[in-house]
Amino acid sequence: MSLLIYLDGAYVPREEAKVSVFDHGYLYGDGVFEGIRSYDGRVFKLMEHLQRLFEGAHHIMLEVPITLEEMAEATLETMRRNNLKNAYIRIVVSRGVGDLGLDPRKCPRATVVIIADKISLFPQEHYEKGLAVMTAATRQRCSNTLEPRIKSLNYLNNILVKIEAAHAGMMEAIMLNSQGYVVEGSGSNVFIVNKQGELITPPMYLGILEGITRNTALELARGEGIPVKEDIFTRHDLYTAQECFLTGTAAELIPVISIDRRVVGKGVPGPLTQKLMTLFHAYTHSNGTPVY
Ligand code: PMP
């Protein structure tokens with residue numbers, strides 16, 4: 001049976017799920033998107049993801065043609081139509097069909113797509129043994145050009161970082177901003193544990209995506225009484241960290257064991273990382289909006 005895709009209110013087989021070449025999402029990357037996971041038939045942090053999507057749309061003055069509640073229901077229905085329990089859900093709201101000019105006013109109706117499928121970002125062995133990463137030469141696009149909190153369809157900066165990683169034989173790269181502070185991965189947030197045993201992640205004001213997995217990791221750590229700081233740090237702090245891990249909806253929580261070939265800690269997933277991974281697994285598998 002072919003995967004059914006939600007496309008502007010209809011559920012269509014993947015082969016027929018097509019969008020116009022005049023859609024400004026295609027022509028200009030004009031739109032917003034979300035990546036969401038479901039575990040055991042429950043969609044994890046559905047409302048938080050939809051809130052971020054609608055806030056991004058509001059910022060770019062993109063009128064979503066359905067309400068947040070309708071979007072939630074359409075997401076659950078897409079899961080049901082495909083009989084899915086564990087899925088990766090992609091929601092895309094693009095500006096819609098217009099002419100060849102930039103003007104979004106020429107696009108009367110936004111296009112809404114919901115895909116519920118699978119994703120495997122990193123091979124399973126790296127969740128057990130950890131991941132070797134690098135810092136990218138490609139800097140994060142200046143945050144006063146395009147607000148990094150908007151999960152926009154304009155992902156070229158991140159794709160360039162991913163290409164750089166692939167060329168170096170790495171699966172992920174960490175970006176620095178123009179001032180040299182660590183900001184985020186190509187599709188993930190970054191955490192380190194310092195010598196004092198503090199868990200540190202870059203603060204929002206540096207210009208990063210406010211990761212829903214990041215916030216979950218912070219919440220779980222605080223709940224365990226682990227000292228947590230949202231603070232700026234540099235490549236030196238990455239190299240001298242006791243532990244490091246990345247978070248993201250697709251990546252989940254993955255340990256990092258080397259950065260630019262500098263071994264992190266003992267070169268194996270650290271105790272705090274492992275503890276948070278266990279807590280994260282338990283939390284994701286016992287929370288979320290029921291699909292069925
Ligand atoms: N930063 C960037 C640039 C991302 O694309 C993502 C993935 N959405 C993240 C961080 C992690 O965010 P989340 O945990 O909400 O998936």
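Colleague: Why does C244 count as buried or exposed in this structure?

Modeller: This is a predicted model, and in it C244 has a relative accessibility of 1%; buried means under 20% relative accessible area, so C244, at 1%, counts as buried.

Colleague: What makes C142 buried, exposed or partly exposed?

Modeller: The relative accessible area of C142 is 35%, and because the class in between runs from the 20% limit for buried to the 50% limit for exposed, C142 is called partly exposed.

Colleague: How many disulfides does a search of the whole structure find?

Modeller: The search of the whole structure finds zero disulfides, where a pair of cysteine sulfur atoms would have to lie within 2.5 Å to be counted.

Colleague: Which residues surround the ligand most closely?

Modeller: The ligand is surrounded by 16 residues, and the closest are K151, Y155, E184, T213 and T249. By class, this shell holds three nonpolar, ten polar and three charged residues, while α6 (212-223) and β13 (243-248) each supply at least two residues of it.

Colleague: What makes the approach of E184 to the ligand a polar contact?

Modeller: A polar side-chain atom of E184 lies 2.7 Å from a nitrogen atom of the ligand, and because a polar contact needs N or O atoms within 3.5 Å, this pair qualifies. By the same cut-off, a side-chain N or O atom of R52 qualifies at 2.8 Å from an oxygen atom of the ligand, and so does a backbone N or O atom of I212 at 2.7 Å from a ligand oxygen atom.

Colleague: How much of the ligand does the protein bury?

Modeller: Taken alone, the ligand exposes 390 Å², and the protein buries 94% of that.

Definitions and conventions: Residues are numbered from 1 along each chain as its sequence is written. This is a predicted model: local features need pLDDT of at least 70, side-chain atom pairs count only at pLDDT 80 or more; totals for chains, interfaces and linings use all residues. Side-chain values use heavy atoms; hydrogens and water are left out. Buried means under 20% relative accessible area, exposed over 50%, partly exposed in between (1.4 Å probe, protein chains only). A residue is near a molecule or strand if one of its heavy atoms lies within 4 Å of it. A polar contact is a pair of N or O atoms within 3.5 Å; within protein, one must be able to donate a hydrogen and the other to accept it, and residues adjacent in sequence count only if both atoms are side-chain atoms. Accessible areas come from the Shrake-Rupley method with a 1.4 Å probe; for residues, only the protein chains shown count as cover. Helices (H or I, at least four residues) and strands (E, at least two) are DSSP runs, numbered from the N terminus. Ala, Val, Leu, Ile, Met, Phe, Trp, Tyr, Cys and Pro count as nonpolar, Asp, Glu, Lys and Arg as charged, and the others, Gly among them, as polar.
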